[in-house]
Amino acid sequence: VQLQASGGGLVQAGGSLRLSCAASGRTVSRYAVGWFRQAPGKEREFVSTISSSGRTSSYADSVKGRFTISRENAKNTVYLQMNSLKLEDTAVYYCALSLVAAQTATAYDYWGQGTQVTVSS
């Protein structure tokens with residue numbers, strides 16, 4: 001399976017971006033999809049995850065109320081809508097597939113290459 005994360009870029013604080021994670025080679029509808037991020041010099045951290053059905057999702061406290069995860073299984077794509085972006089949201093964002101909607105990176109078997117999000121003041 002290949003995951004392609006896209007939609008990153010440079011945005012001012014308070015702005016919005018929508019990340020997309022497109023899967024090929026495997027039907028993403030069977031999997032939970034998670035978003036993680038890694039800032040320079042920091043460990044990769046959990047951002048959000050959504051169950052295979054889309055009925056269940058969870059968020060890191062740091063993004064709760066600002067980010068929304070969603071999925072379109074017909075398009076084999078998962079989205080992360082990011083609003084009210086802060087400087088501390090700057091990181092490389094990765095999407096990943098898992099059989100369970102977990103908050104730990106070790107639960108995910110397939111990873112995309114990442115997309116850079118940079119929030120400026």
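## Gly7 and its surroundings

Gly7 is partly exposed, with a relative accessible area of 33%. In this predicted model, Gly7 belongs to the loop that links strand 1 to strand 2, the latter covering residues 9–12. Setting aside residues up to four places away in sequence, Gly7 touches Leu17, Arg18, Leu19 and Thr115. Cys21 is another residue to look for here: 14 residues separate Gly7 and Cys21 in sequence, and their C-alpha atoms are 8.9 Å apart.

## Strands 1, 3 and 8

Let's move from that loop to the strands. Strand 1 (residues 2–6) runs antiparallel to strand 3 (residues 17–24), and 5 bridges join the two. If you would like a landmark for this pairing, take Gln2, which stands opposite Ser24 in strand 3.

Strand 3 also has strand 8 (residues 77–82) as a partner, again in the antiparallel sense, with 6 bridges. Here Ser20 stands opposite Tyr79 of strand 8. Strand 3 thus pairs with strand 1 and with strand 8.

## The chain as a whole

Now for a step back. The protein chain has 0 helices and 11 strands, so there is a quick way to describe its overall build: the radius of gyration is 13 Å, close to the 14 Å that the globule rule gives for 121 residues, and the chain is therefore as compact as a globular protein of that length. Along its principal axes, the C-alpha trace spans about 40 × 25 × 25 Å.

Buried residues account for 45% of the 121 residues. Of the contacts between residues at least 6 apart in sequence, 57% join residues at least 24 apart. The chain exposes about 6,100 Å², and carbon and sulfur atoms supply 46% of that area. As for charge, there are 12 positive and 7 negative side chains, with the centres of the two sets 7 Å apart.

## Strand 4 and its two partners

Strand 4 (residues 32–38) is a good place to pause, as it is mostly covered: 6 of its 7 residues are buried. Strand 4 pairs with strand 9 in the antiparallel sense over 7 bridges, and in that pairing Phe36 has Tyr94 of strand 9 as its bridge partner.

Strand 5 (residues 45–50) is also paired with strand 4, antiparallel and over 5 bridges. Val33 stands opposite Ile50 in this pairing. The hairpin of strand 4 and strand 5 has 6 residues between the strands, and among them you will find Gly41, with a positive phi near 80 degrees.

While you have these strands on screen, one general point may help: in a regular strand the side chains alternate between the two faces of the sheet.

## The loop between strands 9 and 10

Two residues are worth a visit in this loop. Leu99 is found between strand 9 (91–98) and strand 10 (110–111). Leu99 counts as exposed because its relative accessibility is 61%, over the 50% cut-off. Ser29 is 70 residues from Leu99 in sequence, yet the C-alpha atoms of the two are 10 Å apart in space.

Ala105 sits in the loop between strand 9 and strand 10 too. Its relative accessible area of 32% makes Ala105 partly exposed. Leaving aside neighbours within four places in sequence, Ala105 is in contact with Phe36 and Trp111; Phe36 is the residue that bridges to Tyr94 in strand 9. Ala105 and Glu45 are 60 residues apart in sequence, with a C-alpha to C-alpha distance of 7.9 Å.

## Positive phi outside glycine

Two further loop residues deserve a look for their backbone angles. Asn76 has a positive phi of about 55 degrees although it is not a glycine. Asn76 lies in the loop between strand 7 (67–72) and strand 8, and it counts as buried because its relative accessibility of 17% is under the 20% cut-off.

Ser84, also a residue other than glycine, has a positive phi near 50 degrees. Ser84 is in the loop between strand 8 and strand 9. With a relative accessibility of 42%, Ser84 counts as partly exposed, whereas Asn76 is buried.

Methods:
Residues numbered from 1 in each chain as written. Heavy atoms only, no water. Pairing = 2+ DSSP bridges. Helix = DSSP H or I, 4+ residues; strand = E, 2+ residues; numbered from the N terminus. Rg over C-alpha atoms; globule rule 2.2 N^0.38 Å. Buried < 20%, exposed > 50% of the residue type's maximum accessible area, 1.4 Å probe, protein only. Contact = heavy atoms within 4.5 Å. Areas by Shrake-Rupley, 256 points an atom, 1.4 Å probe, with all protein chains shown as cover. Lys, Arg positive; Asp, Glu negative; His and termini not counted. Charge placed at Lys NZ, Arg CZ, Asp CG, Glu CD.
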